[in-house]
Each structure stands twice: as structure tokens, then as C-alpha cells.
Amino acid sequence: MSNALVSTVIPVFNRAAMLREAVESVLAQTHRPIEILIVDDGSTDDTPAVADELAREHAGVVRAFHQANGGAGLARERARGEIRGSFVQHLDSDDLLLPRKFELQVAALNVQPQCGAAYGWTRFRHRDGRAEEQPWKRSGERIETMFPAMLAERWWDTPTPLYRASLIREAGPWTDLRVEEDWEYDCRIAARSVRLAYVPEWVCEVRQHDQGHVSGHADAGSLRERARAHLLMLRHARDAGLANESPEMRHFARDLFHIARQCGVAGLAGESRSLVAAAQSISPSRDLRVYALAARALGWRRMARLAQMLDR
């Protein structure tokens, strides 16, 4: 298995220069064999030409696919059926892998066959070039299983884990979510009681930049997607049998309520109602009950705005 093929999936939209850097970071891996699957998600600049050029330059290692713009999730799904490797690496086009990532994480999974994924330290690099000295988020902590921690927050970034390909096949297709699609997919995998192999080494880098980040989560379209993603994540938590009394589920209930109020302000009454009901299914508190009753009487948008005013 030390010579097992590792497949890297890179969705990309309008990031030609950064795509080259991401691909080069995979080609620099000390582990072999590797394959790289680039999915151009309907780019409108020279990214499609760069993807095809990389495939020509590294024939047999790099393959390029093209599709109409559908978001990173559907781009990853386009590649999922093309994966040939025993291990799968997801890599956003603006992030980088460090040279020994595959070597270290494949070795960790080889000696821990009970684990479905391996992770290590993620470095965060600021826009001005400064790098955080400590591992980003919780990637510097030893966490034995994906759930329940993954429900409270997405405590790693997309390039951090290396998955067994069998786990990706079992998890099934990516959704068409355009916001938090990666967190939803992680929670879906987590529901399979996945154990983790921890590698206490730097393995990847995520970068702050101005080149085509997904916009904020406060507009109506993004909030609608967040509501849908969170309801799916709650379903995955239920599938995993997480108890309502657990700290992570209680935290998630508060998160659901927070997004419900944001949806209400944006005029998304249906989403707000569904999220409040989901939060109540975890924590039937008096505050939630009073809020729901008032929202039915005043209207979900008016109640959310009133709550926002009271907060201020």
C-alpha cells in the first residue's frame, strides 16, 4: 500500500495562476504514484486553457475536465467517478499541499487500518505573506473520530484530510450546494463512525487572498444554501446517533437558531421556520418556544428584525 495511487481532485473557477501553484504542490509530493483531476467549473478567463495545458504537460498524471458552472461540490462530483486511486485528496485551487503530505498520511493509514482518514497540521498564510505559527483551527489537536467534533465546527480545511477512496465511494455523490458543501460532505462521512489517524506534522497551507473567494454568507441566496446545508448536517448527526444532550448538539442548536434569525431578516420565512423547528428538536427551550410563537403571530421577518433590534 505504500505504492498505492493517490488521487487529487481540484475544482477551479477563474483562478488560472493559483491553479498552476496548486497543481505544482501536488506534483512536488514525495509519494508516488499520483494522479490529478482538474475540473474547470465554467471559468470565463483563461483557466480552461491552463487546465488543458497542464494536462498536456503532465500526460498520464493530470487530467482536465470541463463543465458548466455548478459550484465546487458538483465539480468534485464530476471527478468522483473518475478516481482511480486508493486514497483521495480534495484540494481547493487556492490552497497548497506540502511535499511530504501523501507520504506521511498514507503511512499513517497503512499502520492504522481501522482509520478512514488521516490529517495533520494546516498552516494559515495571511494576505501579506505572514504565516500563523500554530496549526490552524483544531488541526493541531489529536481528535479520534470525526463526530461529534465536526458538528460543532468544521475544524479542518479542505486540504487537511486524506481519505480512503472506499470511504468516498460509500459517502455517495456531492450535492449541488454552493455554500458549506464541504462541511455537509464531511458530516456525511462522519456519520459513518470514521476514525482518524493523526500526523503531528505540517501537511498543507491555506491562503488568504483576493482572487475569487466565495462571497459572504449574509445574502438571501447564501442563507438559503446555509439553511439547507445545516438541515442536512443535522440529519447526518441523527444518523450517527448523536445525543441531544451532547455539547456539540447543543452548540449546533444555537447555530441553527442564529441562521434562522438571519433567514428571517432576509425574508426567508420557510427556511427560518424549518431551522427553528430543527433547533427545537434538539433543545426545546423556553426561548425557542416563545420565539416560534411570536414569529407565527407577527411574521417571521418582523420577529427576526425585532430580535435583531433587541440584540443591538
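**Exercise 1. In which hand does H9 pass H10, and which residues make the contact?**

Solution. In this predicted model, the crossing in which H9 passes H10 is left-handed. On the H9 side the contact residues are Met 249, Arg 250, Phe 252, Ala 253, Leu 256, Phe 257, Ile 259, Ala 260, Cys 263 and Gly 264. On the H10 side they are Glu 271, Ser 272, Leu 275, Val 276, Ala 278, Ala 279 and Ile 282. Sorted by character, the residues of this contact give 13 nonpolar, 2 polar and 2 charged.

Next, take the geometry. Helix H9 covers residues 247-265, and its packing angle with H10 is about 160°, with the axes 8 Å apart. Angles over 145 degrees count as roughly antiparallel. H9 and H10 are therefore roughly antiparallel to each other.

**Exercise 2. At what angle do helix H10 and helix H11 pack, and how far apart are their axes?**

Solution. Helix H10 spans residues 269-282 and helix H11 spans residues 286-298; the angle is about 155° and the axes are 10 Å apart. By the cut-off of 145 degrees, H10 and H11 are therefore roughly antiparallel. Their crossing is left-handed. H10 contributes Val 276, Ala 279 and Gln 280 to the contact, and H11 contributes Leu 288, Arg 289, Tyr 291 and Ala 292. These residues divide into 5 nonpolar, 1 polar and 1 charged.

**Exercise 3. In what order do the strands of the open sheet stand, and which strands stand at the edges?**

Solution. The open sheet has 8 strands in the order E3-E2-E1-E4-E7-E6-E8-E5, with mixed pairing. Strand E3 (62-67) and strand E5 (96-97) each have a single partner strand, so they stand at the edges and one side of each is left without a neighbour in the sheet.

Within the sheet, strand E4 (residues 87-90) and strand E7 (residues 162-164) run antiparallel and are joined by 2 bridges. The bridge partner of Val 88 in E7 is Tyr 163.

Now add the helices. Helix H1 (residues 16-27) packs on the sheet and touches strand E1 (6-12), strand E2 (34-41), E3, E5 and strand E8 (196-207). The direction of H1 makes about 165° with that of E2. Helix H2 (residues 47-57) also packs on the sheet, where H2 touches E1, E2 and E3. The direction of H2 makes about 155° with that of E3.

**Exercise 4. Why is the pair of Phe 124 and Trp 136 stacked?**

Solution. The structure holds 10 aromatic pairs. A pair of aromatic rings is described by the distance of the centres and the angle of the planes. For Phe 124 and Trp 136, the ring centres are 4.2 Å apart and the planes are at 20°, so the pair is stacked. The step rests on a cut-off: planes under 30 degrees apart count as stacked.

Then locate the two residues. Phe 124 lies in strand E6 (residues 117-125), and Trp 136 lies in the loop between E6 and helix H5 (149-152), so the pair ties together parts that are 12 residues apart in sequence.

**Exercise 5. Where do the cis peptide bonds from Arg 32 to Pro 33 and from Phe 147 to Pro 148 lie, and what is phi of Asn 14?**

Solution. Most residues other than glycine have a negative phi, and most peptide bonds are trans. The bond from Arg 32 to Pro 33 is cis, with omega near 10°; Pro 33 lies in the loop between H1 and E2. The bond from Phe 147 to Pro 148 is cis, with omega near 10°; Pro 148 lies in the loop between E6 and H5. Asn 14 has a positive phi, near 55°, and lies in the loop between E1 and H1.

Definitions and conventions
Residues are numbered from 1 along each chain as its sequence is written. This is a predicted model: local features need pLDDT of at least 70, side-chain atom pairs count only at pLDDT 80 or more; totals for chains, interfaces and linings use all residues. Side-chain values use heavy atoms; hydrogens and water are left out. Axes are lines fitted to C-alpha atoms, for helices over the stretch in contact, and angles run from 0 to 180 degrees between N-to-C directions. Helices (H or I, at least four residues) and strands (E, at least two) are DSSP runs, numbered from the N terminus. Angles under 35 degrees count as roughly parallel, over 145 as roughly antiparallel, 65 to 115 as roughly perpendicular and the rest as oblique. A crossing is left-handed if the near helix is turned anticlockwise from the far one by less than a right angle, and right-handed if clockwise. Contact means heavy atoms within 4.5 Å. Ala, Val, Leu, Ile, Met, Phe, Trp, Tyr, Cys and Pro count as nonpolar, Asp, Glu, Lys and Arg as charged, and the others, Gly among them, as polar. Two strands pair if DSSP finds at least two bridges between them. Rings of Phe, Tyr and Trp (its six-membered ring) pair if their centres lie within 6.5 Å; planes under 30 degrees apart count as stacked, over 60 as edge-to-face and the rest as tilted.
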